[in-house]
Amino acid sequence: MRVLRKHFAVRVLLLTVVAALALAFAGVASGATYIVLYKSSAVPADASTRIGKAGGTLVVSYDQIGVAIAKSDNSWFRTSLLKDSRIDGVASTEGFGSQVAPVETGSHDGDGGPGDLPNAPAADADSLSPLQWDMRQIHAPEAHAITGGSPLVVVGDIDTGLDYHHPDLAQNIDFSRSASCESGAPDQNPAAWDDRHGHGTHTAGTIAAASNGIGIVGVAPNVKVAGIKSSNDDGYFFPEMVICSFMWAGGAGFDLPPAGPDIAPTVGPRVDVTNNSYFADPFLYNCRNDPVQRAIWKAEKRAIDFAEKQGVVHFASLGNDSDDRAHPAFDVISPDFPPGSEEEREVTNACVVIPVEVDGVIGVSAVGNARQIDGDDDPNDYLKSFYSSYGVGVTEVTAPGGDSVFGRTAEAPNGRVLSTWPADSFCRPDRTVVDPNEPTAVYCYAQGTSMAAPHASGVAALIISRYGNLKSPQNGKMRPGSVAAYIQQTADAQP
C-alpha cells in the first residue's frame with residue numbers, strides 16, 4: 001500500500017489517499033430487469049426482436065460492449081433467451097443492489113512538464129476551512145498554491161446523484177455531462193440526477209467544492225464535477241445502473257433528445273476521472289462459478305474497461321468490512337435481499353468485488369487523523385481506519401476517510417470528514433454544520449472508505465489539470481496509466 005506524500009510531482013498534494021465506503025448490500029424491488037451478455041463485443045441487430053419473442057422488452061443496447069438491458073415479467077424469459085447460442089449469460093437484477101451508508105503503471109505522458117490546460121491557484125480560506133483536517137493532512141493547501149485545477153477537467157461522481165442547488169457546488173457542476181442511470185439508460189433531466197440521499201453530494205464536495213468564501217474547499221476546487229446517478233433514492237446500486245454509468249462516462253453514444261448547445265460530445269469520454277464510492281452486484285464477492293454472478297460482473301467489467309480505453313481513470317473504495325481483499329475466505333452478508341436470506345459461504349480469489357477489483361481501477365483504503373506509533377517517527381504514517389478493508393495488490397493508495405474510534409485528535413475532534421450535504425436530506429444534528437455566511441448551505445460529518453476515494457479522485461483531477469494535454473494521443477487528456485503512475489510513484493510507503 002502506498003500513500004500520497006507532500007513531495008508530489010506538482011510539488012504538493014496528498015500525504016494520504018484513502019477510499020472508504022459505507023455501504024451494505026441490500027436490494028429493493030425494481031421490476032424484472034435483466035442483464036443480457038453476448039459472447040461477442042456487439043449486440044446483434046435482431047436483439048430487440050429476439051428479446052421480444054422471449055417475452056421481454058429491450059431497454060437499452062450497449063453495442064460497444066455486447067451488453068443489453070431488458071425487462072420482462074415472464075418467469076421463463078431467462079431460459080428462453082439462453083437458447084440463443086450467441087448469448088453468454090442472462091441474469092436478473094431484481095432485488096440486487098448495494099446500499100451506501102454514510103493499477104496500471106507506466107511512464108508519464110510527456111517530459112513531466114506542465115501541459116496546455118488552463119490552470120489557476122485557489123485559496124483555502126472559506127468559512128469552514130479550519131474544520132478540514134483531511135485537506136491539511138494531504139497538503140491540499142500547498143497544492144492549491146500552484147493549481148486548484150482546470151475547468152476543462154471533469155470528474156464523474158458515480159454515486160447517489162448530486163445536489164445541484166448546493167451553493168458550494170453549483171458553479172462547478174457540468175450539467176451537460178450529468179445524467180441519471182437509475183433506469184439503466186441515461187436521463188439528463190436534472191430532476192432525475194438530483195441527490196435525495198446525501199452520499200453523492202458528500203463525495204462531490206470533497207472532490208470539487210468551490211473556493212468561494214463559504215463552506216469548505218474541495219481537493220480540486222477549479223475542476224468540474226458531473227453527477228452520474230447510479231442508484232435509487234434509497235442508495236441502492238443495481239447492476240444495470242452501474243453499467244450505464246460507466247458507458248456514459250466513457251462517452252458511449254446514446255439516442256438522447258437535444259439538451260441544448262452544451263450537450264456533451266459522443267466522441268471521446270465525457271469525463272476524465274470517475275469516483276466510485278460503492279460496490280455493486282447482488283453479492284459482496286462475485287464468483288466465476290455462479291452463472292448469474294458471472295454474467296453480471298462480466299458485463300460490468302466490460303463497461304469499466306470501455307471507459308478506461310476511452311481515457312478515463314477510475315478510483316474505487318475498498319469497503320468498510322475490514323477484510324483482506326487479497327485473501328478472502330468467507331462472505332457472510334450475501335445475498336442480503338430479501339432480508340434474512342444471507343448465508344455464510346466460502347470464497348476464494350476467484351471471487352471479486354466490483355468495481356475495485358477490476359484491472360486498472362485504483363483501489364483506495366482509509367485512514368483517520370491518528371499517526372501510527374511504530375518507532376520510526378515518520379509523521380506521514382497514519383493508522384488504518386478501524387473499518388477499512390485492505391489487501392496487497394488491491395489497495396494502491398490510502399486517504400483520509402475518517403475514524404471515529406482511533407482517529408480522534410485535537411484537529412479532528414469527532415474523527416469524521418466534513419463535506420457538502422443536501423439541505424433536505426437527513427444528517428444527524430450532532431454531525432450537521434451550517435455555514436455562518438450562507439444559511440442555506442448544509443454540511444455533514446461522515447466516515448468511510450466512501451470519504452477516502454474522492455480525495456484520490458480529486459488529486460487525479462489536479463494531476464490531469466497540471467500535466468494533461470488537449471492533444472493527448474488518446475481521447476482523454478492523459479492516459480489512465482500515467483495518472484496512476486504519478487500518484488503511486490510519489491506516495492509514501494505505509495507500514
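In these legends contact means heavy atoms within 4.5 Å, and every view is taken from a predicted model.

**View 1. Helix α6 against strands β21 and β23, in a three-stranded open sheet.**
Helix α6, residues 199-208, lies across β21 and β23 and runs at about 115° to β21. The sheet beneath this heading has the strand order β21-β23-β22, and its pairing is antiparallel. Because β21 (417-421) and β22 (432-434) stand at the edges with a single partner strand each, one side of each is left without a neighbour in the sheet. From one strand to the next the twist averages 35°. Five bridges join β21 to strand β23 (residues 442-446) in the antiparallel sense, and Ser419 has Cys444 in β23 as its bridge partner.

**View 2. The packing of helix α6 with helix α9.**
The axes of α6 and α9 are 8 Å apart, and the two helices pack at an angle of about 35°, in a crossing that is right-handed. On the α6 side the contact is made by His199, His202, Thr203, Thr206 and Ile207, and on the α9 side by Ser450, Met451, Pro454, His455 and Gly458. Sorted by character, the residues of this contact comprise three nonpolar, seven polar and no charged.

**View 3. The crossing of helices α9 and α10.**
Helix α9 spans residues 449-467 and helix α10 spans residues 480-489; their axes come within 10 Å and cross at roughly 110°, and α9 and α10 are therefore roughly perpendicular to each other. The crossing of this pair, α9 and α10, is right-handed. From α9, the residues Ala456, Val459, Ala460, Ile463, Ile464 and Tyr467 meet Val483, Tyr486 and Ile487 of α10. The contact of α9 with α10 divides into nine nonpolar residues, no polar and no charged.

**View 4. A four-stranded open sheet with helices α7 and α8 lying across strands of it.**
In this sheet the strands follow the order β4-β5-β3-β6, with antiparallel pairing. The edge strands, each paired on one side only, are β4 (56-62) and β6 (87-92), and neighbouring strands are turned by 20° against each other on average, direction ignored. Between β4 and strand β5 (residues 67-72) there are six bridges in the antiparallel sense, and Val60 stands opposite Ile69 in β5. Helix α7, residues 239-249, lies across β3 (33-38), β4 and β5 and runs at about 55° to β3, while helix α8, residues 291-309, lies across β3, β5 and β6 and runs at about 75° to β3.

**View 5. The contact of helix α7 with helix α8.**
The axes of α7 and α8 come within 8 Å and cross at roughly 15°, and that makes α7 roughly parallel to α8. The crossing in which α7 passes α8 is left-handed. From α7 the contact draws on Pro239, Val242, Ile243, Phe246 and Met247, and from α8 on Ile296, Ala299, Glu300, Ala303, Ile304, Phe306 and Ala307. The residues of the contact of α7 with α8 divide into 11 nonpolar, no polar and one charged.

**View 6. The disulfide between Cys181 and Cys244.**
The structure holds three disulfides, and one of them joins Cys181 to Cys244, with an S to S distance of 2.1 Å. The link of Cys181 and Cys244 is left-handed, with -65° about the S-S bond. Cys181 lies in the loop between β9 (179-180) and α5 (190-193), whereas Cys244 lies in helix α7, so the pair ties together parts that are 63 residues apart in sequence.

**View 7. Backbone details at Pro355 and His139.**
Most residues other than glycine have a negative phi, and most peptide bonds are trans. The peptide bond from Ile354 to Pro355, however, is cis, with omega near 10°, and Pro355 has its place in the loop between β17 (351-352) and β18 (362-371). For His139, phi is near 60°, which is a positive value in a residue other than glycine. His139 is found in the loop between α3 (133-137) and α4 (140-144).

Notes:
Residues are numbered from 1 along each chain as its sequence is written. This is a predicted model: local features need pLDDT of at least 70, side-chain atom pairs count only at pLDDT 80 or more; totals for chains, interfaces and linings use all residues. Side-chain values use heavy atoms; hydrogens and water are left out. Axes are lines fitted to C-alpha atoms, for helices over the stretch in contact, and angles run from 0 to 180 degrees between N-to-C directions. Angles under 35 degrees count as roughly parallel, over 145 as roughly antiparallel, 65 to 115 as roughly perpendicular and the rest as oblique. A crossing is left-handed if the near helix is turned anticlockwise from the far one by less than a right angle, and right-handed if clockwise. Ala, Val, Leu, Ile, Met, Phe, Trp, Tyr, Cys and Pro count as nonpolar, Asp, Glu, Lys and Arg as charged, and the others, Gly among them, as polar. Two strands pair if DSSP finds at least two bridges between them. A disulfide is a pair of cysteine sulfur atoms within 2.5 Å.
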